[in-house]
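Colleague: Got a minute to go through this one with me? I'd like to hear the reasoning behind the labels.

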Amino acid sequence: MNTAYPPSVASAQSIHTCTTSIKNLPINLFGSVMGLAGLGLAWRLSDQYYGIGGMLGEAIGALAGLVFVLLTLGYLTKWVKHPEAVRADFNHPIISNFFGTVTIALLLLSAVATPHHQILGQVLWILGSVSTVLLAGLVVYRLLSGSQDPSNAVPAWLIPGVATLDIAVTGAHMPMAWVAQFNLFALAVGAVVALVFFSQIFSRLVHQPAMAKGMVPSLMVLIAPFEVGFLAYTNVFGEVDQFASVLFYFGLFLFVVLSFKVFRRDVPFAPSWWAISFPIAALSNAALKYAHVQDNTVLVVIAAAILLFLTVALTVLLVKTLISLYSGKLLAN
């Protein structure tokens, strides 16, 4: 019999652990919008190249938009009712990087929306681009202030840099005259920031103790600079050359290696699992584009396998998230 606490204390503790509040809405849940939008774009690309999945892609894209609206309303409510909690998120050396998921979501949703409503797509892209550059600048400014804890060099550091690359990924077809130079600027900033941060993170993962289990899914973010970089580079320069091939293949190699570290039964479900969604979605889009350009059967099979894996993975994550929300665990203190 458990006698660690008197009944009254145990009951109070149970009530406390079951308390839910919008204050506990995690900013990293916006990663779900990134993943769903990326999946929708991948199925759209599959339809464009192979005539499969067009309607599914548009439906998933619409779902991503709906989730973004709901999460935005939720986080704005958190900001109004619990501004200190939002400030704590924004000032946290790790959590603050996940604000980049909001700006990436805007950029990806601009790509989802543009074929259906050009003005909406352009507004979302401009809003996402401006906020992305401002956030990236703030993150770099903070880091250059010195006295940073090396243990904070985790894969989430890459999110603001990858967000800058996404400007070039989603802005290739924007009609404004200034877009070409702005895309080059975004590619330059994103590539160099991602390269510097990647080396710091890789060093931390090699030389310091392993990250907590709750952060293990974020390891998959390490593939994002290469696959998003592939998409940004090919969109800006209009061709898949040997350098683009190097980016794609190294990202694919990292995905295989990291899969054995990430997809383990001893890592429990949490909103942090959504960190796997966008990197794999970027890989899926890159694989589809690369397979189409190379016209290689093996590459087409690989691209199809990644797309199906991503679809199943995000379906599982969505179901688990809804169950967690319904049970009260998602917003529990």
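Colleague: What makes you call α2 mostly covered?

Modeller: This is a predicted model, and in it 17 of the 20 residues of α2 are buried. Buried here means under 20% relative accessible area.

Colleague: And how do you know how far α2 should reach?

Modeller: The expected span takes 1.5 Å times one less than the number of residues. Helix α2, residues 31-50, has 20 residues, and 28 Å is expected. From its first C-alpha to its last, α2 reaches 28 Å, so it is close to that expected value.

Colleague: What comes just after α2?

Modeller: That's G51, with a positive phi of about 70 degrees.

Colleague: Over to helix α3, residues 54-81, where K78 sits. Why is K78 called buried?

Modeller: Because its relative accessible area is 3%, and the cut-off for buried is under 20%.

Colleague: What does the side chain of K78 reach?

Modeller: The backbone oxygen of K23, at 3.2 Å. A polar contact needs the N or O atoms within 3.5 Å, so 3.2 Å passes that distance limit. Leaving aside neighbours within four places in sequence, K78 is in contact with residues including I22, K23, L25 and D89.

Colleague: Now L134, in helix α6, residues 118-143. Why does L134 count as exposed?

Modeller: Its relative accessibility is 61%, and exposed means over 50%, so the label follows.

Colleague: Which residues form a nonpolar patch with L134 on the surface?

Modeller: I126, V130 and W178 join L134 there, with about 390 Å² of accessible area together.

Note on methods
Residues are numbered from 1 along each chain as its sequence is written. This is a predicted model: local features need pLDDT of at least 70, side-chain atom pairs count only at pLDDT 80 or more; totals for chains, interfaces and linings use all residues. Side-chain values use heavy atoms; hydrogens and water are left out. Helices (H or I, at least four residues) and strands (E, at least two) are DSSP runs, numbered from the N terminus. Buried means under 20% relative accessible area, exposed over 50%, partly exposed in between (1.4 Å probe, protein chains only). A polar contact is a pair of N or O atoms within 3.5 Å; within protein, one must be able to donate a hydrogen and the other to accept it, and residues adjacent in sequence count only if both atoms are side-chain atoms. Contact means heavy atoms within 4.5 Å. Patches are made of residues with over 30% relative accessible area and no salt bridge: like charges are joined within 9 Å, nonpolar side chains (Val, Leu, Ile, Met, Phe, Trp, Tyr) within 5 Å. Accessible areas come from the Shrake-Rupley method with a 1.4 Å probe; for residues, only the protein chains shown count as cover. A salt bridge is a side-chain nitrogen of Lys or Arg within 4 Å of a carboxyl oxygen of Asp or Glu.
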